[in-house]
Amino acid sequence: MAQPLRRSESAPVQAGRLAPAPAPADTFDGMESARQLLQSLEKLARKGGTFSTNPDVKPYAFYGQQHLSMSQVIQANLWKFNLSATSRNVLDHMTVHHDDQALVEMTQASLAVKFGCSQSKVSRAVGELTRHNFAWKERRGQYRLHPLYAYRWGSRKQRALLAKLGKDTLTTKEIVIPVRKETSR
């Protein structure tokens, strides 16, 4: 028959008494919790870890056999649009000087001075870009660059801009790559 466990004589048992509750903190130090968070993030960074608050990037849409984004497809086939030199200069200027909303503040007169040509030549170039839907006029002195050309496909800036402009922007302002027929010699 098993014997009951014996108690040690060094630790007397006090029945009915609980340990006292810890004293409540008088003040909450919000800076202390912020410091702790900062220290934990620094520790993560020292170990080579990364931390991001950006949403996950959506996957690319693939066209044809090649795994390229639409902006890469447009860049690779830009020669097929047969843009004039002035149109290409204006497009490059707009690509470099647009803001987060893909807006470019420019006048045709200022671009004519910049490129050393007439204002009518810049006007024709802007008209050519508008026909191909690379850019369009928002109001006087302000043009919008197409979101597919301005930003990488699925990027945070492109998604924010398309949410602002509306889903129909990609269908109403579609950039259609011209089909060039092979010429035989």
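**Group meeting talk: a walk through the predicted model**

Okay, let's start with the fold: the protein has eight helices and three strands. Going along the sequence, the order is α-α-α-β-α-α-β-β-α-α-α. Keep in mind that this is a predicted model. Mean pLDDT for the protein is 80, and 71% of the residues score at least 70. Among the elements, H5 comes out with the highest mean, 95, and H2 with the lowest, 79. The usual caution applies: where pLDDT is low, the predicted coordinates should not be read in detail.

Some overall numbers, then. There are 185 residues in the protein, and 28% of them are buried. The exposed area is about 14300 Å², with carbon and sulfur atoms supplying 53% of that. And if you take the contacts with a separation of 6 or more, 62% are between residues 24 or more positions apart.

On to the core. In soluble globular proteins, nonpolar side chains tend to be buried together. Here the largest nonpolar core has 28 residues, and the members that touch the most others are Val90, Leu91, Met94, Met106, Phe134 and Leu145. Which elements give two or more residues to this core? You've got helix H2 (70-76), helix H3 (85-96), helix H4 (108-115), helix H5 (119-131), strand S3 (142-145) and helix H6 (147-150). H5 gives the largest share, four residues.

Let me zoom in on Leu145 for a second, one of those well-connected members. Leaving out residues up to four places away in sequence, Leu145 touches Leu91, Met94, Thr95, His98, Ala102, Phe134, Ala135 and Ala150. Hang on to two names from that list, Phe134 and Ala102, as I'll come back to both.

Phe134 is the one I'd like you to look at on screen. How many aromatic pairs are there in this model? Two. In one of them, Phe81 and Phe134 have ring centres 4.9 Å apart and planes at 70°; over 60 counts as edge-to-face, so that's what we call this pair. What I like here is that the pair links distant parts of the chain: Phe81 sits in the loop between H2 and H3, Phe134 in the loop between H5 and strand S2 (135-139), and they are 53 residues apart. Both count as buried because the cut-off is under 20% relative accessible area, with Phe81 at 3% and Phe134 at 0%.

The other pair is Phe134 with Tyr149, again edge-to-face, at 5.3 Å centre to centre and 80° between the planes. Tyr149 belongs to helix H6 while Phe134 is in that H5 to S2 loop, so this pair ties together parts 15 residues apart in sequence. Tyr149 is buried, as is Phe134. Put the ring pairs together and you get a cluster of Phe81, Phe134 and Tyr149.

Now a couple of backbone oddities. Asn82 has a positive phi, near 55°, and it's a residue other than glycine. You'll find Asn82 in the loop between H2 and H3. Is Asn82 buried or exposed? Exposed, because its relative accessibility is 57% and the cut-off is over 50%.

Then there's Ala102, also not a glycine, with a positive phi of about 60°. Ala102 is in the loop between H3 and strand S1 (103-105). At 0% relative accessibility, Ala102 counts as buried.

Step along to Leu103 and you're in strand S1. Leu103 counts as buried too, at 13% relative accessibility. Not counting residues up to four places away, Leu103 touches His97, His98, Glu138, Gln142, Tyr143 and Arg144. If you compare Leu103 with Trp136, they are 33 residues apart in sequence, and 9.7 Å apart in space, C-alpha to C-alpha.

Last stop, Gln158, in helix H7 (residues 156-165). This is a glutamine that counts as buried, at 1% relative accessibility. What does the side chain of Gln158 reach at 3.4 Å? The backbone oxygen of Pro147. As for contacts, leaving out residues up to four places away in sequence, Gln158 touches Pro147, Leu148, Tyr151, Arg152 and Trp153.

So, to leave you with one picture: Phe134 is among the members of the core with the most contacts to other members, and ring pairs join Phe134 with Phe81 and Tyr149 in a cluster. Happy to rotate the model if anyone wants another look.

Methods: Residues numbered from 1 in each chain as written. Heavy atoms only, no water. Buried < 20%, exposed > 50% of the residue type's maximum accessible area, 1.4 Å probe, protein only. Contact = heavy atoms within 4.5 Å. Areas by Shrake-Rupley, 256 points an atom, 1.4 Å probe, with all protein chains shown as cover. Core = buried A, V, L, I, M, F, W, Y, C linked by side-chain atoms within 4.5 Å. pLDDT = per-residue confidence, 0-100. Polar contact = N/O pair within 3.5 Å; in protein donor to acceptor, adjacent residues only side chain to side chain. Phe/Tyr/Trp six-rings, centres within 6.5 Å; stacked < 30°, edge-to-face > 60°.
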